[in-house]
Amino acid sequence: MADTQQVDARAERKVSRLAHQISAFAKAHGGAEGQVAYIGERGARIVLVGEDGGWGDLVAPTYAIAEQAVQKAGITVHESFDGEFAAKVKTGSYEWKRMAGIQLGG
């Protein structure tokens with residue numbers, strides 16, 4: 001029983017930390033929307049897009065923790081990363097150079 005309570009407390013702390021980071025991102029970017037994607041044994045990726053077009057991501061140890069964190073942060077969550085949501089992302093010269101480098105083998 002003690003092990004279950006310890007795991008639950010640890011998970012709740014992780015949810016709180018992620019929710020705090022999501023809220024901080026949203027505050028810095030005039031609001032935010034997100035999408036949660038399962039990435040296998042590694043857990044789940046939370047992709048965040050700010051109202052100003054800034055973007056970032058976080059990794060949660062489980063999909064359930066990621067879902068709880070975005071819910072606790074109170075952001076809009078999308079089912080997939082496409083359409084109008086993806087169009088909100090603004091990329092800079094760094095991203096374009098990085099993408100070109102990948103295409104050119106660099």
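Two strands count as paired here if DSSP finds at least two bridges between them, and by that reading Ala44 has Ala60 as its bridge partner in β3. The structure is a predicted model, so to speak only of its better parts, local features need pLDDT of at least 70 and side-chain atom pairs count only at pLDDT 80 or more, while totals for chains, interfaces and linings use all residues. Residues are numbered from 1 along each chain as its sequence is written, and side-chain values use heavy atoms, with hydrogens and water left out.Start with the overall layout. The chain has 4 helices and 4 strands, taken as DSSP runs numbered from the N terminus (H or I over at least four residues for a helix, E over at least two for a strand). Along the sequence, these elements follow the pattern α-β-β-β-α-β-α-α. Of the 106 residues, 29% count as buried; buried means under 20% relative accessible area, exposed means over 50%, and partly exposed lies in between (1.4 Å probe, protein chains only). The chain exposes about 7,100 Å², with carbon and sulfur atoms supplying 53% of that area; accessible areas come from the Shrake-Rupley method with a 1.4 Å probe, and for residues only the protein chains shown count as cover. Among contacts (heavy atoms within 4.5 Å) between residues at least 6 apart in sequence, 55% join residues at least 24 apart.

Next comes the sheet. The 4 strands make an open sheet in the order β3-β2-β1-β4, with mixed pairing. β3 and β4 (76–78) are the edge strands, each pairing on one side only. On average, neighbouring strands of this sheet are turned by 30° against each other, direction ignored. The axes behind such angles are lines fitted to C-alpha atoms, for helices over the stretch in contact, and angles run from 0 to 180 degrees between N-to-C directions.

Inside the sheet, β1 and β2 run antiparallel and are joined by 7 bridges. One of the pairs puts Tyr38 opposite Ala44 of β2 as its bridge partner. These two strands form a hairpin with 5 residues between them, and Gly40 in the turn has a positive phi of about 85°. On the other side of β2, β2 and β3 pair in the antiparallel sense over 6 bridges. Here Leu48 has Gly56 of β3 as its bridge partner. β2 and β3 also form a hairpin, this one with 4 residues between the strands and with Gly53 in the turn at a positive phi of about 90°. As for burial, 6 of the 7 residues of β2 are buried, so β2 is largely enclosed by the rest of the structure.

Helix α2 (residues 63–73) has Ile65, Ala66, Ala69, Val70 and Ala73 buried. Seen down the axis of α2, its buried residues fall within an arc of 130°, so they line one face of the helix; the arc is that of the directions from the helix axis to the C-beta atoms. α2 is followed by Gly74, whose phi is positive, near 80°. Back at the sheet, with its edge strands β3 and β4, α2 packs on it and touches β1, β2, β3 and β4, its direction making about 170° with that of β1.

That leaves the charged pairs. A salt bridge is taken as a side-chain nitrogen of Lys or Arg within 4 Å of a carboxyl oxygen of Asp or Glu, and by this rule the count comes to 3. In one of them, the side chains of Glu12 and Lys72 meet at 3.5 Å, N to O. Glu12 lies in helix α1 (residues 2–28) and Lys72 in helix α2, so the pair ties together parts that are 60 residues apart in sequence. Glu12 itself is partly exposed, with a relative accessible area of 39%.

Another salt bridge joins Glu33 and Lys88, with the closest N and O atoms 2.3 Å apart. This pair links distant parts of the chain, Glu33 sitting in strand β1 (residues 32–38) and Lys88 in the loop between α3 (83–87) and α4 (93–103), 55 residues apart. Glu33 counts as buried at 10% relative accessibility, whereas Lys88 is partly exposed at 34%.

Asp57 and Arg45 also meet through their side chains in a salt bridge (2.6 Å, N to O). Asp57 belongs to strand β3 (residues 55–60) and Arg45 to strand β2 (residues 44–50), 12 residues apart. Asp57 counts as partly exposed at 38% relative accessibility, and Arg45 is partly exposed too, with a relative accessible area of 33%.
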